[in-house]
Amino acid sequence: MERASLVRDDGASLRELIAADAEELSRQLRAHQLRTFPPTAQKGMRLFAPGEAADFIGIHEGYLRQIVSEGHGPKPQPNGRRMYSVDDIDRIRQVLDEANSKGPRRYVRHRRAGEKLQVISIMNFKGGSAKTTTAAHLAQFLSLRGYRVLAIDLDPQASLSAMFGHQPELDVEHNETIYGAIRYDQERRSIYEIVRSTYTPNLHLIPGNLELMEFEHETPKVLADRRSDTMFFARLGECLAEIENAYDVVVIDCPPQLGFLTLSALCAATAVLITVHPQMLDVMSMSQFLHMTSDLLSVVENAGGDTEYDWMRYLVTRYEPNDGPQSQMAGFMRSIFGNRVLDNAMLKSTAISDAGLTKQTLYEVDRGQFTRGTYDRALESLTLVNGEIEELIRTTWGRK
């Protein structure tokens with residue numbers, strides 16, 4: 001039987017069709033980006049209500065009112081209410097720690113002597129597990145809590161970069177991703193040169209784009225020629241060692257496949273968070289992912305790679321507690337993995353997905369755009385998950 005040719009009726013090949021579609025889609029996305037966020041537009045954090053500000057600082061709202069009455073904090077708005085910017089929150093942290101100068105800092109939560117940099121790699125083999133959503137909210141939450149955070153977008157699709165206001169097609173040039181710091185040739189540059197600030201104080205970003213795929217293409221050639229001074233799996237860790245004094249936590253959004261980039265992130269990590277949607281097909285896919293990860297890490301270990309971790313956890317995402325099969329699957333996972341499944345799950349919410357349409361997190365989107373109950377349930381879910389991860393970090397550091 002003669003094979004069908006992969007051509008359209010007008011004679012274009014599949015390659016030409018895909019190339020044309022990619023170019024047109026990219027053009028339309030750029031146009032949409034400019035309409036939504038014109039060149040003069042800047043992303044920014046919203047103001048926080050007193051209760052939210054107090055939670056981020058780690059004090060009761062009544063104590064916050066007392067501090068503000070002593071002359072610290074924002075002035076009242078015309079309606080008499082006070083709303084707090086991220087800078088206001090940071091200044092109040094400083095005031096609280098200066099008032100208790102004899103003891104250890106409690107509110108400016110930077111690492112202390114002997115506490116090592118925490119590198120959290122967030123990963124899953126299957127798309128749609130809310131991996132990037134988890135990474136974005138975790139990085140921003142920790143920065144709002146007073147930690148110095150570096151987010152690294154290791155996914156060539158660069159959704160995390162877009163969430164933080166760096167559009168890969170428009171804002172990220174050649175050699176401006178982490179590939180620039182881990183590449184094998186003479187164009188390699190210092191990681192200091194590619195770190196960017198964001199509109200969230202305490203949160204910096206190394207963006208991604210399609211050039212990250214170069215690492216996947218170049219590494220096999222280097223391995224075959226045996227011409228690298230540093231093995232691929234150690235290069236990211238070496239880069240982070242250069243800047244570790246500047247940060248408390250690094251959050252890495254890994255690609256949704258097991259390649260050299262993901263293995264690099266695993267070897268650089270001090271902790272691993274695996275996101276999973278509680279559906280049978282997703283859990284079956286994760287089973288294969290875990291098998292492959294184990295096999296590949298065995299090869300890396302034999303080659304001298306470090307795969308020691310402080311903790312590894314599974315996070316149930318896009319969870320619908322009233323969905324019987326999902327509840328059964330979540331229970332199934334807990335029966336197998338025990339306390340390695342986080343106690344809290346990230347709920348499926350239209351608030352999270354709708355905020356994502358405008359490339360915003362729930363910590364920055366205006367609450368008034370949603371039904372109050374919908375927004376509050378989603379934000380509570382995210383804060384419980386992120387708070388549990390923060391506690392794991394603090395426990396690793398030996399803090400109570």
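Which strands does helix H11 (residues 260-268) lie across? In this predicted model, helix H11 lies across strand E1 (118-123), strand E5 (249-253) and strand E6, and runs at about 145° to E1. The points below take up the sheet to which these strands belong, then helix H11 itself, the cysteines, and finally a packed pair of helices.

**The sheet**

- Seven strands make up an open sheet with mixed pairing, and their order across the sheet is E3-E4-E2-E5-E1-E6-E7.
- The edges are taken by strand E3 (196-197) and strand E7 (311-316), each of which has a single partner strand, so that one side of each is left without a neighbour in the sheet.
- At the E7 edge, strand E6 (residues 271-276) runs parallel to E7 and is joined to E7 by six bridges.
- Within this part of the sheet, threonine 275 stands opposite leucine 315, which belongs to E7.

**Helix H11**

- Helix H11 is largely enclosed by the rest of the structure, because eight of its nine residues are buried.
- The buried residues of H11 are Leu261, Thr262, Leu263, Ser264, Ala265, Leu266, Cys267 and Ala268.
- For cysteine 267, the relative accessibility is 12%, and this residue therefore counts as buried, the limit being under 20%.

**Cysteines**

- With a disulfide taken as a pair of cysteine sulfur atoms within 2.5 Å, the count of disulfides in the model comes to zero.
- The sulfur of cysteine 239 has the sulfur of cysteine 267 as its closest cysteine sulfur, but the two are 14 Å apart, which is too far for a bond.
- Cysteine 239 is also buried, with a relative accessible area of 1%.
- Cysteine 267 is likewise in no disulfide, and the cysteine sulfur nearest to its own, that of cysteine 254, is 11 Å away.

**Helices H2 and H4**

- Helix H2 (residues 50-57) packs with helix H4 (residues 86-99) at an angle of about 50°, and the axes of the two helices are 10 Å apart.
- H2 and H4 are therefore oblique to each other, and H2 passes H4 in a right-handed crossing.
- From H2, the residues Ala53, Phe56 and Ile57 take part in the contact, where they meet Ile89, Ile92, Arg93 and Leu96 of H4.

Conventions
Residues numbered from 1 in each chain as written. Predicted model: local features only at pLDDT ≥ 70, side-chain atom pairs only at ≥ 80, totals over all residues. Heavy atoms only, no water. Pairing = 2+ DSSP bridges. Helix = DSSP H or I, 4+ residues; strand = E, 2+ residues; numbered from the N terminus. Contact = heavy atoms within 4.5 Å. Axes fitted to C-alpha atoms, helices over the stretch in contact; angles between N-to-C directions. Buried < 20%, exposed > 50% of the residue type's maximum accessible area, 1.4 Å probe, protein only. Parallel < 35°, antiparallel > 145°, perpendicular 65-115°, else oblique. Left-handed = near helix turned anticlockwise from the far one by under 90°.
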